[in-house]
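Some labels in a structure rest on simple cut-offs. The turns below go through a few of them, one at a time.

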Amino acid sequence: MQRKHLRALCEGAVMVALAQALGYLKLWQMPYGGSITFIMLPIFVYCARWGFGPGMLASIVYSVLQLLLDGAYAWG
């Protein structure tokens, strides 16, 4: 049981890192903002593989990481 949790945690970390890296590769930049990327593909694969609970945790971790690294929050 402990090994399964450790495997899910490690795979979640890899999928979140892969999603963050894919966020910097844009297929198409729209003229008034926004872009088309494959950001959520690793998160969807992780959710389909491990279920709702670990998938939501990985999604929340990715959203906080994106908030801090991509400057989606106005600091001033």
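**Labels and the values behind them**

Q: Why is Glu11 called buried?
A: In this predicted model, Glu11 has 16% relative accessibility. Buried means under 20%, so Glu11 counts as buried.

Q: What makes Glu11 and Arg49 a salt bridge?
A: Their side chains meet with a distance of 2.9 Å from N to O. The cut-off for a nitrogen of Arg and a carboxyl oxygen of Glu is within 4 Å, so the pair of Glu11 and Arg49 qualifies. The count by this rule comes to one salt bridge.

Q: Which parts does the pair of Glu11 and Arg49 tie together?
A: Glu11 lies in helix H1, residues 2-22, and Arg49 lies in helix H2, residues 41-50. The pair therefore ties together parts that are 38 residues apart in sequence.

Q: Is Arg49 buried, partly exposed or exposed?
A: The value for Arg49 is 48% relative accessibility. Partly exposed runs between the 20% and 50% limits, so Arg49 counts as partly exposed.

Q: How do you know that Cys10 and Cys47 do not form a disulfide?
A: The closest cysteine sulfur to that of Cys10 is in Cys47, 17 Å away. A disulfide needs the two sulfur atoms within 2.5 Å, so this pair is too far apart for a bond. The structure holds zero disulfides.

Q: Why are Cys10 and Cys47 called partly exposed?
A: Cys10 has 44% relative accessibility, and Cys47 has 26%. Both values fall between 20% and 50%, so Cys10 and Cys47 count as partly exposed.

Conventions:
Residues numbered from 1 in each chain as written. Predicted model: local features only at pLDDT ≥ 70, side-chain atom pairs only at ≥ 80, totals over all residues. Heavy atoms only, no water. Helix = DSSP H or I, 4+ residues; strand = E, 2+ residues; numbered from the N terminus. Buried < 20%, exposed > 50% of the residue type's maximum accessible area, 1.4 Å probe, protein only.
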